[in-house]
Amino acid sequence: MLAELEPFLRSSKLPHLWCPGCGNGIVLGSLLRAINRVERDPNQIVIVSGIGCSSRATAYLNFDTLHTTHGRAIAFATGIKLANPNLTVIVITGDGDCTAIGGNHLIHAARRNLDLTVLVFNNNIYGMTGGQYSPTTPTEGRATTAPYGNIERPFDLIELAKAAGATYLGRATAYHNKLLTRLLVNAIINKGFSLVEAITHCPVGFGKRNGIAVPADMLKWQRDHAVTVQAAAQMTQEELADKVIIGELYSNPEPEYTEQYSQLVARAQNLGGGMGS
Ligand code: SF4
Ligand code: MG
C-alpha cells in the first residue's frame, strides 16, 4: 500500500476479515488509488455500502461512510446526494447486493443519471452467506444452491446499466487492477451515473465449487479470459463466449439529476410557486 493511501484507512479496524486470497483487497486498493488521483477533499467524499463481503470495506475506510441494509446502498446514496449535491458519493456493493435485492435501486438511479459512482465487486456468488448462486453466476456454474449447476442465465451487468440509462460504464478484473483504477478515476469524474464492474475472486465460495480454489489460479483465469474492447471488436460471438470484455465500455454524458432538480426549484421559485404555495 502506498504511503499516500494510508490516511484513507482506519488502521484501528485492521486487519480485515476477508479470507486469505480474496480479491476484495485488490479491488479496494484500486478504488483508493483512484480517489487519490482525483484529488478531491476527503471530507467531501462519502462511501456507502450494502451487505456482503465487499460491503465490509466501509469499516476500514477513513471517510464518512454508511454501511447500510442489504441491497439498499444505492437508495441511501441517493438520499445523501440529493441532500448535498456537492458531495462525491461512491457506492461499494457486490453482485448479489446490487443486482438481486438491490436491482430496482440500480436501474432507477441509472435511469435518473444521478451523479453516483457504483463499484460492483462481482465474484459471481454470495460469498458472505455461504456460496449461494447470484444473478451473475454463469449458467452451469456451481454454488451451494446449485450443486448440479446453475440453470439460470446471468445478467450482463454492463448491458443492464446501459439499458437503464447509465452514462459511464467500465469493466476490469482484479488481475487488471491498474485498468480498474483508471476506470474508477473516469467514473468519479463523470457527472452522472457511473458503474464499474470489477470481476474478482472468491476462492472459498465460487472457486472451491468450480474447480479453481487456488487464488493465484483464479487470477490467471482472469488474465487468460479477458479481452480488451478493441480485441473483442475483431472477434466472433463464438470466440467471445467464455471471454470477459474489459475496458471503458460506454461514455455518453447526459444531463445530471441533481442539476436538473436545482434548475427545477429555481424555475418554480421564479414563477412564484414552489412547495406549499
Ligand atoms: Fe472473499 Fe469469498 Fe471469503 Fe467473502 S467468502 S471474504 S468474497 S473469499
Ligand atoms: Mg458476490
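Which residues lie around ligand 1? In this predicted model, the residues around ligand 1 are Trp18, Cys19, Cys22, Asn24, Cys53, Asn123, Gly127, Met128, Cys202, Pro203, Val204 and Gly205. Eight of these shell residues are nonpolar and four are polar. None is charged. Helix H7, residues 203–209, makes the largest contribution, with three residues.

The annotation comes next. An unreviewed UniProt entry places the feature "domain: Thiamine pyrophosphate enzyme TPP-binding" at residues 51–197. Over residues 51–197, helix makes up 33% of the chain and strand 18%. The C-alpha atoms at the two ends of that stretch are 17 Å apart.

Now turn to the nonpolar interior. The largest nonpolar core has 56 residues. Val91, Leu116, Leu119, Leu184 and Ala198 have the most contacts inside it. Helix H1, residues 24–38, supplies the largest share of this core, six residues. Another core, of seven residues, lies apart from it. Among its members are Tyr133, Ala143, Cys202 and Phe206. Cys202 also appears in the shell around ligand 1.

Leu119 offers a way into the larger core. Leu119 sits in strand S4. Is Leu119 buried or exposed? Leu119 has 29 other C-beta atoms within 10 Å. A residue counts as buried at 20 or more, so Leu119 is buried. Leaving out residues up to four places away in sequence, Leu119 touches Leu31, Ile90, Val91, Ile92, Leu184, Val196 and Ala198. Val91 is 28 residues from Leu119 along the chain, yet their C-alpha atoms are separated by 6.0 Å.

Leu5 gives a contrasting view. Leu5 belongs to the segment before H1. Leu5 has 13 C-beta neighbours inside 10 Å, so it counts as partly exposed. Its contacts, again not counting residues up to four places away in sequence, are Leu32, Arg33 and Asn36. Leu5 and Val196 are 191 residues apart in sequence. From C-alpha to C-alpha, Leu5 and Val196 are 21 Å apart in space.

Two helices show how burial is arranged around an axis. Start with H4, residues 103–112. Its buried residues are His105, Leu106, Ala109 and Ala110. Why do they line one face of the helix? Seen down the axis of H4, the buried residues fall within an arc of 125°, so they line one face. Those buried residues pack against helix H2 (73–83), helix H3 (95–101) and helix H5 (157–164). Just after H4, Asn113 takes a positive phi of about 55°.

Helix H5 comes next. Which residues of H5 are buried? They are Leu157, Leu160 and Ala161. Down the axis of H5, these buried residues fall within an arc of 90°, so they too line one face of the helix. The face turned away from that buried side carries the exposed residues Glu159 and Ala163. The cover over the buried residues of H5 includes H3, H4, strand S4 (117–122), strand S5 (168–173) and strand S6 (194–199). Just after H5, Gly165 takes a positive phi of about 120°.

Some backbone details remain. Most residues other than glycine have a negative phi, and most peptide bonds are trans. Against that background, a few sites deserve a look. A cis peptide bond joins Leu14 and Pro15, with omega at about 10°. Pro15 is in the segment before H1.

Glu39 has a positive phi, near 55°, in a residue other than glycine. Glu39 lies in the loop between H1 and strand S1 (45–49). How many other C-beta atoms lie within 10 Å of Glu39? There are 7. The limit for an exposed residue is 12 or fewer, so Glu39 is exposed.

Asn124 is not a glycine either, and has a positive phi of about 65°. Asn124 is found in the loop between S4 and H5. Is Asn124 buried or exposed? Asn124 has 25 other C-beta atoms within 10 Å, so Asn124 is buried. Glu39, by contrast, is exposed.

Conventions:
Residues numbered from 1 in each chain as written. Chains lettered and ligands numbered in written order. Predicted model: local features only at pLDDT ≥ 70, side-chain atom pairs only at ≥ 80, totals over all residues. Helix = DSSP H or I, 4+ residues; strand = E, 2+ residues; numbered from the N terminus. Arc of directions from axis to C-beta. Contact = placed C-beta atoms within 7 Å. UniProt positions renumbered as here; feature names shortened; annotations may be inferred. Near = placed C-beta within 6 Å. Nonpolar A, V, L, I, M, F, W, Y, C, P; charged D, E, K, R; others polar. Core = buried A, V, L, I, M, F, W, Y, C linked by C-beta atoms within 7 Å.
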